Amino acid sequence: MSNRLNREIETPAEKQNRHKAMEAITVLNTLKESFKEPPKAMGYFYDLFEEVYCHQKALHSDKVKVGTMCIQIPSEIIYALDGVPIRLCNGFYTDDEIGSDLLPQKSCPLVKASVGHLASKNITDRPDMIYSPTTCDQKTKAGSTIEGFGYDVVDVDFPRTKESEISREFFRRSIRGFSADLSAKTGKKLSRKKLRASISKIGYAQSLYHQLSELRKSSAVPILGNDMFLVTNAFFFDRIDSWIEATEALVEELEQRAKEKVHAAGRVSPRIVYTGSPPIFPNYKIPLIIEESDAIIVADETCSSNRMFNDRVAVDEWFVNDMIDSLADKYLKACTCPVFTKNDDRIRRIIELVKSHNADGVIYQAFAGCTVYELEQRSVLEAMEKEGISILYIESDYSPSQHGQLSTRVEAFVESLKIKNRKRR
Amino acid sequence: MNYFAGIDIGSTAIKITIIDENRALVGQRISGSGSMFYKYAHQTLDDLLRELKIAKEEIVYTVATGYGRKLFKEADENISEITANAIGAVAAAREFGEIKTIINIGGQDSKAISLDDTGNVVNFAMNDRCAAGTGKFLDACAMNLEIGVEELGERHFHAIGTPLSINSTCAVFAESEIIGLLGNNHNVEDIVCGVHYSIAKRIVKLVKRVGIREGIYFDGGPALNGGLVNAIENELGKKIFIPEHPQITTSYGAAILGADSFDYQKMNG
Ligand code: SF4
Ligand code: SF4
């Protein structure tokens, strides 16, 4: 009997890479193929994700890579110190499964995936150090787990209220500490010139995002919400100059599309504001179901785009310490993370987005296991009800198998919006 | 010479194995089970005996196994396919070493069996009642891709891009996924590879339920598909043993059990 013992078997790292590649390509193909013509400028982003996640292309071999666990670490400071920020929020089910062996089963998939990713040691742009803001409990605790894998993890103190002067001062100090720590580690000095330059560069990147958001307000929305998530997720890890160039091209093309009234969705597709746990590539499960159900995401209130991009840093004094303070203020005040109490700001932001983008409804997704988003669901739902805004709350995770039940719920919601619209006319 | 027959009446095929007193394989035959199990089983046995030039009387003990085993009334004994599979696998893999885990993919189900050190079944798991990850599923995929099912194995190794996953656990939805991929002009090879990995992932989940213990044996018709074997090995991260005739392990096991029973009965009067 034959037993052909000399067949080659993948190493665990090769297997993990293949699994991730399979996850990535499924989403990319869906974006390219299941909808109307995507903008040509999206090609850059599709290729970028394919290269990084299907072919493990490293982008920053020449730089100090500064891993960040959340949007609260100012990338302006990292760039000014010649580093590159790499946000470690992870969306892979493959990594979630690895992390499940290390964290409680009930933890949020984003945290499990981030931990699983770092545990695997199979990382193309491996961070040289990690800064972990003490926001939600799970991220905070994940920091020490990650330290166990041999990473240098520094906690960045984060307040749980943002309205008071105390917390403002607290976070300013915290960011000063972060900047001193990074400067000591990289052996670079934070110069006025460089910080100023990076603030204006990031400011410019934000303004590009802003232009894109403006275009999504019109009745013919030139781009899908899912494509937008790809653009903003790319900002997590891409080379900043290439990102800016590609986004400029996208803005230009979308302006053209807007003139020609090209609508990325159907004529009566309901317009959705998306909020909740951040969609991180390739976990676009809910956003894809939404747009596959003939709705279009016109704006979002999440940590992977609107919340990180929309407010620009306002500097009144161009001295290093003043600039750091302005950065700290911007990051804290503009953030609508549900770890904050009180968090009326988030509700206000969602309502504002619904109005400015003429949305028909809100879809609120929380990852199963994310207590803060789950807890905040109630107040958001009540507020929307008061405003007469339709809202759907969904809990989900990273597993690919729940598709059936979830899509039925989303479709029913989308259809109810269509019927409402028809009656209104 | 005394001979022993093992007859495995499965949902899609009838497998018959004949062994001699030394438990050596003398001959085997596979035919479709069609709608008339009973008639086909007899016909297949007759054909095989004629081919081997063995008289019916020389078959001194017959054991039936498989879904349709109860329909074969002439059998001296019948046993479940789980037990027969285990006995057959241990015997077939003798020169490979000890068998601890068996993966079996049949026409309409798949199972994982865990054995103890003496070759007894300690645990087993079967897929839920769905064709996903079975031989039927492979047939359906090949049909949608308009290639022969025997071509799947070779095509797997010619994938050039990332394997394209088929995420639906339901065979019907999986079919539409495949049609969708084809419609968007994806490579047949990349789809084939994705189909194999999707099945492999499901199989590994099943195996995990009984515990993955080294000494892994894979049988059933789909074990002839080298691409699927490759995918399962990669998903397990372990080598697996494929017997020369993976389709007949169960009937082989039934025949061995028959020989053992015969000897035992002779010794104990
Ligand atoms: S939701 Fe909160 S913890 Fe998560 S990335 Fe956003 S700011 Fe950070
Ligand atoms: S989704 Fe929730 S639990 Fe997960 S990292 Fe963000 S805030 Fe924390």
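Which residue of chain A forms a salt bridge with B:Glu235, and how many Å apart are the closest N and O atoms? Let me take that as the way into this structure, with the reminder that we are looking at a predicted model. The partner is A:Arg18, and its closest approach to B:Glu235, taken between N and O atoms, is 2.8 Å. By the rule used here, one salt bridge is found across the interface of chain A and chain B. On the chain A side of that interface, the element that gives the most is helix α1, residues 12-33, which supplies nine residues.

Let me now widen the view to the interface as a whole. From chain A, 22 residues are in contact with 27 residues of chain B. For the extent of such a surface, one often quotes the accessible area that is lost when the parts come together. For chain A and chain B the buried area is about 2300 Å², with 52% of it on carbon and sulfur atoms. Counting residue pairs in polar contact between the two chains, with both residues at pLDDT 80 or more, gives nine. If we sort the side of chain A that touches chain B by residue class, we find eight nonpolar, six polar and eight charged residues.

I turn next to the sheets, beginning with chain B. Here four strands make up an open sheet with mixed pairing, and their order is β8-β7-β6-β9. Because β8 (121-126) and β9 (216-219) of chain B each have a single partner strand, they stand at the edges, and one side of each is left without a neighbour in the sheet. The average turn between neighbouring strands of this sheet, with direction ignored, is 15°. Within the sheet, strand β6 (residues 101-105) of chain B pairs with strand β7 (residues 110-115) of chain B in the antiparallel sense, over five bridges, and B:Ile105 is found opposite B:Ser110 of β7(B).

Chain A, for its part, has an open sheet of four strands in the order β6-β5-β7-β8, and there the pairing is parallel. Its edges are formed by β6 (296-301) and β8 (390-396) of chain A, each of which pairs on one side only. From one strand to the next, the twist averages 25°. Strands β5 (residues 271-276) and β7 (residues 361-367) of chain A run parallel and are joined over five bridges, with A:Tyr364 in β7(A) serving as the bridge partner of A:Thr275. Packed on this sheet is helix α15 (residues 371-387) of chain A, which touches β5, β7 and β8 of chain A and whose direction makes about 165° with that of β7(A).

Technical notes. Residues numbered from 1 in each chain as written. Chains lettered and ligands numbered in written order. Predicted model: local features only at pLDDT ≥ 70, side-chain atom pairs only at ≥ 80, totals over all residues. Heavy atoms only, no water. Contact = heavy atoms within 4.5 Å. Buried area = accessible area lost by both parts, 1.4 Å probe. Salt bridge = Lys/Arg side-chain N within 4 Å of Asp/Glu carboxyl O. Polar contact = N/O pair within 3.5 Å; in protein donor to acceptor, adjacent residues only side chain to side chain. Helix = DSSP H or I, 4+ residues; strand = E, 2+ residues; numbered from the N terminus. Nonpolar A, V, L, I, M, F, W, Y, C, P; charged D, E, K, R; others polar. Pairing = 2+ DSSP bridges. Axes fitted to C-alpha atoms, helices over the stretch in contact; angles between N-to-C directions.
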